[in-house]
Amino acid sequence: MAGGARWHSLGAGLLAFLLLSGCSGVRTTPDPRDPWEGYNRAMFEFNDSVDRAVLKPVAKGYRAVTPKAVDRSVTNFFANVGDIPNAFNNALQGKLTASLQDLNRVVYNTTFGLGGLFDVASHMGLPRHDEDFGQTLGVWGVNAGPYFVLPILGPSTVRDAGGRVVDGWAHPLGQIDDERLAWSLAALKLIDLRADLLDVERMVDDVAYDRYVTIRNAYLDRREFLIYDGNPPEREEDDLLRELELLESQP
């Protein structure tokens with residue numbers, strides 16, 4: 001779906017941010033979507049330790065020395081490269097118009113945007129989409145399976161973890177033969193992303209009584225939101241909330 005909606009942007013931040021946040025240790029009612037919570041919390045804490053020791057300090061240093069214009073251009077460059085797998089997945093989902101938009105974005109941003117450093121396509125009315133093979137599998141009817149925290153990579157599900165393999169194959173960075181260049185670009189992409197999410201981290205810390213639960217729920221809700229292009233099916237708990245609201249509104 002097209003990016004830009006507030007929930008989409010916030011959800012993306014929470015998803016990516018949590019390569020990297022710890023848990024407060026608060027226990028909640030077991031979630032049936034998370035049968036492996038013991039393992040997931042342990043891996044969550046491991047990811048947090050990596051973040052605190054390496055990624056977060058490097059991201060802060062990157063933000064401190066990198067002019068905002070340069071930082072934005074780096075982000076635009078990786079977004080432009082990412083439009084290629086976006087087009088691939090939109091085509092697999094039968095969204096041919098969106099797939100053509102993605103390909104046109106690559107053409108315009110690569111040529112007029114100086115290799116993707118400037119996002120001219122958005123100003124030309126071509127929205128950016130956020131698609132991956134995990135979403136494609138969801139559109140095809142594959143169940144998400146249990147929530148699953150991956151080492152370093154963070155929140156996922158069994159379905160989405162498998163989809164990452166195809167995404168890696170489809171992404172242009174995965175086609176670079178020069179290993180040093182490939183790893184350098186991957187590291188820059190991660191650092192740029194982490195730096196862009198420093199403010200999101202503070203927001204999550206302010207509102208979350210249990211960061212593990214907050215990020216898990218944000219990830220799972222966002223994935224459903226993306227798979228259904230912003231119109232996920234109503235759930236029983238949504239009906240219950242509406243009934244409670246009606247009761248509270250009665251005199």
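**Exercise 1. Surface and overall make-up**

How much area does the chain expose, and what share of it do carbon and sulfur atoms supply? Then describe the helices, the buried share and the contacts of the chain.

*Solution.* The model is predicted. Start with the surface. The chain exposes about 13600 Å². Carbon and sulfur atoms supply 63% of that area. Next, take the interior. Of the 251 residues, 42% are buried. Now the secondary structure. There are eleven helices and zero strands. Along the sequence the pattern reads α-α-α-α-α-α-α-α-α-α-α. Finish with sequence separation. Take the contacts between residues at least 6 apart in sequence; 72% of them join residues at least 24 apart.

**Exercise 2. H3 against H4**

Find the angle and the axis distance for H3 and H4. Classify the pair, then list the residues in contact.

*Solution.* Two packed helices are described by the angle between their axes and the distance between those axes. Helix H3 spans residues 68-92, and helix H4 spans residues 96-111. They pack at about 160°, with axes 8 Å apart. An angle over 145 degrees counts as roughly antiparallel, so H3 is roughly antiparallel to H4. The crossing of H3 past H4 is left-handed.

Now the contact itself. H3 contributes Asn80, Asp83, Ile84, Asn86, Ala87, Asn90 and Ala91. H4 contributes Leu96, Ala98, Ser99, Asp102, Leu103, Arg105, Val106, Asn109 and Thr110. Sort these by class: seven are nonpolar, six polar and three charged.

**Exercise 3. H2 against H8**

At what angle do the axes of H2 and H8 cross? Classify the pair and sort its contact residues.

*Solution.* H2 covers residues 37-65 and H8 covers residues 179-196. Their axes come within 8 Å and cross at roughly 80°. The range 65 to 115 degrees counts as roughly perpendicular, so that is the class of H2 and H8.

From H2, the contact uses Asp51, Leu55, Lys56, Val58, Ala59, Tyr62 and Arg63. From H8, it uses Leu188, Leu190, Ile191, Asp192, Arg194, Ala195 and Asp196. The count by class is eight nonpolar, no polar and six charged residues.

**Exercise 4. H2 against H10**

Which residues of H2 meet which residues of H10? Work out the geometry before the contact.

*Solution.* H2 and H10 pack at about 105°, and their axes lie 11 Å apart. That angle makes H2 and H10 roughly perpendicular to each other. On the H2 side, take Glu37, Asn40, Arg41 and Phe44. On the H10 side, take Arg211, Tyr212, Val213, Ile215 and Arg216. By class, the contact of H2 with H10 has four nonpolar, one polar and four charged residues.

**Exercise 5. Two positive phi values**

Where do isoleucine 152 and aspartate 229 lie? Give the phi and the exposure class of each.

*Solution.* Most residues other than glycine have a negative phi. Isoleucine 152 has a positive phi of about 65°, although it is not a glycine. Isoleucine 152 sits in the loop between helix H6 (133-139) and helix H7 (158-170). Its relative accessibility is 32%, so isoleucine 152 counts as partly exposed.

Turn to aspartate 229. Its phi is near 50°, again positive in a residue other than glycine. Aspartate 229 lies in the loop between helix H10 (211-227) and helix H11 (236-249). With a relative accessible area of 31%, aspartate 229 is partly exposed. Last step: compare sequence with space. Aspartate 229 and aspartate 130 are 99 residues apart in sequence. C-alpha to C-alpha, they are 10.0 Å apart in space.

Terms used
Residues are numbered from 1 along each chain as its sequence is written. This is a predicted model: local features need pLDDT of at least 70, side-chain atom pairs count only at pLDDT 80 or more; totals for chains, interfaces and linings use all residues. Side-chain values use heavy atoms; hydrogens and water are left out. Axes are lines fitted to C-alpha atoms, for helices over the stretch in contact, and angles run from 0 to 180 degrees between N-to-C directions. Helices (H or I, at least four residues) and strands (E, at least two) are DSSP runs, numbered from the N terminus. Angles under 35 degrees count as roughly parallel, over 145 as roughly antiparallel, 65 to 115 as roughly perpendicular and the rest as oblique. A crossing is left-handed if the near helix is turned anticlockwise from the far one by less than a right angle, and right-handed if clockwise. Contact means heavy atoms within 4.5 Å. Ala, Val, Leu, Ile, Met, Phe, Trp, Tyr, Cys and Pro count as nonpolar, Asp, Glu, Lys and Arg as charged, and the others, Gly among them, as polar. Buried means under 20% relative accessible area, exposed over 50%, partly exposed in between (1.4 Å probe, protein chains only). Accessible areas come from the Shrake-Rupley method with a 1.4 Å probe; for residues, only the protein chains shown count as cover.
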